[in-house]
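Hi everyone, thanks for making time. I'd like to walk you through one model today, so have a look at the sequence and the structure on the screen.

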Amino acid sequence: MELASGTRRFRELQRGVNGISQRMLTLTLRRLERDGLVLRTVYPTVSTTVTYDLTDRGQSLVQLVKQLADWSLDNKEAIAHPRLLRDTEHPDSV
């Protein structure tokens, strides 16, 4: 979703995605690039500049991912309650 609004550099993505480590973000971007969802562009400047964009295929997923995120937020408490009950009943399975 961070790339839905346009081109981003690595640090911009890292700031936009709270709680992700540099390594995990790097691995995720590599996988998305490998899958053809993200385009990585390297500019040969004095300090190498790298940007990330969604490909057309990646852009086609934006609305679906947004719907999933919205659903997740709308159902957060409804999911948390049965999870808590199950974890209380089965503490060894957590």
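Before anything else, one term: when I say contact, I mean heavy atoms within 4.5 Å. With that in hand, take Arg40, which touches Glu33, Val50, Thr51 and Tyr52 if we don't count residues up to four places away in sequence.

Now some housekeeping. This is a predicted model, where local features need pLDDT of at least 70 and side-chain atom pairs count only at pLDDT 80 or more, while totals for chains, interfaces and linings use all residues. Numbering runs from 1 along each chain as its sequence is written, and side-chain values use heavy atoms, with hydrogens and water left out.

Okay, the overall picture. The protein has five helices and three strands, and along the sequence they come in the order β-α-α-β-β-α-α-α. Those are DSSP runs numbered from the N terminus: H or I with at least four residues for helices, E with at least two for strands.

What about the overall dimensions? The C-alpha atoms fill a box of roughly 60 × 25 × 20 Å along the principal axes. The radius of gyration is 18 Å, whereas a compact globule of 94 residues would come in near 12 Å. That radius is taken over C-alpha atoms, and the globule rule is 2.2 Å times the number of residues to the power 0.38.

How much of the protein counts as buried? It's 16% of the 94 residues, where buried means under 20% relative accessible area, exposed means over 50%, and partly exposed is in between, using a 1.4 Å probe and protein chains only. Looking at contacts with a separation of 6 or more, 33% are between residues 24 or more positions apart.

Back to Arg40, then. Arg40 is in strand 2, residues 38–43, and it counts as partly exposed because its relative accessibility is 38%. Its partner Thr51 is in strand 3, residues 49–54. Is Thr51 buried or exposed? Thr51 is buried, because its relative accessibility is 8%. Beyond its neighbours within four places in sequence, Thr51 contacts Thr7, Arg8, Arg9, Leu39, Arg40, Thr41 and Tyr43.

Just before strand 2, have a look at Leu37, in the loop between helix 2 and strand 2. At 15% relative accessibility, Leu37 is buried too. Its contacts, again skipping neighbours within four places, include Leu32, Leu54 and Leu61.

Two of those names come back in the largest pocket. That pocket holds about 340 Å³ of space, and of its 18 lining residues, the closest to the centre are Met1, Glu2, Leu3, Leu32 and Leu54. For the record, a pocket here is an open set of points on a 1 Å grid over the protein atoms alone, where a 1.4 Å probe fits, with protein on both sides within 12 Å along at least five of seven lines; lining residues have an atom within 4 Å of a point. Points are joined across faces, edges and corners, and the volume is the space filled by probe spheres set on them.

Which helix gives the most to that lining? Helix 2 does, with four residues. Helix 2 (22–34) and helix 4 (62–74) each supply at least two.
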